[in-house]
Amino acid sequence: MINLLFSLNENYIYPLKVMIRSLVENHPNESFRMYLLHAGISEQSLEDLRRYIESEDDNELIAIYSKNFFESSDKIAITRYYALEMYLWMFAPYILPNDVERILYLDPDIVAINDIKPFYNKSFDGYSFIATNYKYKTKWIQPFNNLRLRNFESDDYFNSGVVLMNLKKLRKVGGVNRIVEAIRENKSILILPDQDIFNLVYVNDIKEEDWRVYNMDPRVYEKLNILFPNKYNLQMIGKEVVFIHYSGKHKPWKEREKYKYTLGNYYFDFEGRVYNSGNEQSIFRKGSRV
């Protein structure tokens, strides 16, 4: 059983179904327990998502309304500039059942194109998280991040789209107040809110993994393909990459035919299997590939 974590509002259910399709299709012999933390998704949408996920008995959706988890004053502090759903995943250790000790958080703008189990089963080596770091991309703005977040000794800025969480350790060393206070004290300077807080609070407790395998950005791939075509090409993507992350403002489900990045084809391929000719398809049976 693989534990997955999502934290989003109703607007992201559409790409979430595409991501789920990609995960299930690439793991025909695996089962998923999917935890969805939300602050107000309608019962109708949740029931529709549940039917979609649980069309096979082995997969399970556990949706948790999490808005009442916080004190009123904390909710005001957290939502002063950004929606609560952006931060909810970081509170998972204190919201989810205690018997959930390891979980993989994924942003909904991702597709999986290969086996995620090697990443999911990685040793934490004493860390609370495993995530990726675009060092080549952030090195020029790292001094600005250090100044802005006041973590002057850090050389790292981790992406929060793909995060393996050591819930067992976090329940021992973390705490709700630590996260809430970080948001309260820094809310006016946050640019990428949950990612900024993730790095501010936990930067020394994150084990780094290879972004080229576990968090490939289509925009970055275009540049690498031009500079190093023999190394970064579609053969490499299909063989080595696990997650493609459509981060940033350009989303394939919004821009449609105007989406200009090559790796968007992976998204459109899975999307077509979910929303075939305008009719939504349930998750196919285990062991089949469409």
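Visitor: Is Asp125 buried or exposed?
Guide: Keep in mind that this is a predicted model. Asp125 lies in the loop between helix H5 (117-120) and E6. Residues over 50% relative accessible area are called exposed. At 52% relative accessibility, Asp125 therefore counts as exposed.

Visitor: What is the phi of Asp125?
Guide: Asp125 is not a glycine, and still its phi is positive. The value is about 50°.

Visitor: Arg256 also has a positive phi without being a glycine. Where is Arg256 found, and how accessible is that residue?
Guide: Its phi is about 55°. Arg256 is found in the loop between helix H14 (252-255) and H15. With 30% relative accessibility, Arg256 is neither under 20% nor over 50%, so the residue counts as partly exposed.

Visitor: Is Asp109 buried or exposed?
Guide: Asp109 sits in the loop between strand E4 (102-106) and strand E5 (110-112). Leaving out residues up to four places away in sequence, Asp109 touches Ile244, His245, Tyr246, Ser247, Lys251 and Trp253. Its relative accessible area is 6%, and the limit for burial is under 20%, so Asp109 is buried.

Visitor: Let's turn to the sheet. In which order do the 7 strands stand?
Guide: The sheet is open and its pairing is mixed. From one strand to the next, the twist averages 25°. The order is E3-E2-E1-E4-E7-E6-E8.

Visitor: Which strands stand at the edges, and why is one side of each left without a neighbour?
Guide: A strand with a single partner has one side left without a neighbour in the sheet, so we look for strands of that kind. They are strand E3 (60-65) and strand E8 (206-209).

Visitor: How many bridges join E6 to E8, and which residue stands opposite Ile130?
Guide: Strand E6 covers residues 129-133 and runs parallel to E8. The two are joined by 4 bridges. Opposite Ile130, in E8, stands Lys207.

Visitor: Which strands does helix H10 lie across, and why is H10 called largely enclosed?
Guide: H10 (residues 193-202) runs at about 55° to strand E7 (158-166). Among its buried residues are Ile197, Phe198 and Tyr202. In total 9 of the 10 residues of H10 are buried, so the helix is largely enclosed by the rest of the structure. The strands it lies across are E6, E7 and E8.

Visitor: How many residues are in the largest nonpolar core?
Guide: Residues with the most contacts inside this core include Leu4, Phe6 and Phe243. Phe6 touches Leu16, Met34 and Leu106, among others. Helix H1 (residues 13-25) gives the largest share, 7 residues. The core has 57 residues.

Visitor: What about the second, separate core?
Guide: Trp89, Leu167, Ile179 and Val203 are included in this one. Its number of residues is 35.

Visitor: How do H1 and helix H15 stand to each other?
Guide: The axes of H1 and H15 (residues 264-274) are 9 Å apart, and the packing angle is about 95°. The contact includes Tyr14 and Val18 of H1, and Tyr267 and Phe270 of H15. Angles from 65 to 115 degrees count as roughly perpendicular. H1 and H15 are therefore roughly perpendicular.

Visitor: What part of the whole chain is buried?
Guide: The chain has 15 helices and 11 strands. Out of its 290 residues, the buried part is 54%.

Terms used. Residues numbered from 1 in each chain as written. Predicted model: local features only at pLDDT ≥ 70, side-chain atom pairs only at ≥ 80, totals over all residues. Heavy atoms only, no water. Pairing = 2+ DSSP bridges. Axes fitted to C-alpha atoms, helices over the stretch in contact; angles between N-to-C directions. Contact = heavy atoms within 4.5 Å. Buried < 20%, exposed > 50% of the residue type's maximum accessible area, 1.4 Å probe, protein only. Core = buried A, V, L, I, M, F, W, Y, C linked by side-chain atoms within 4.5 Å. Parallel < 35°, antiparallel > 145°, perpendicular 65-115°, else oblique.
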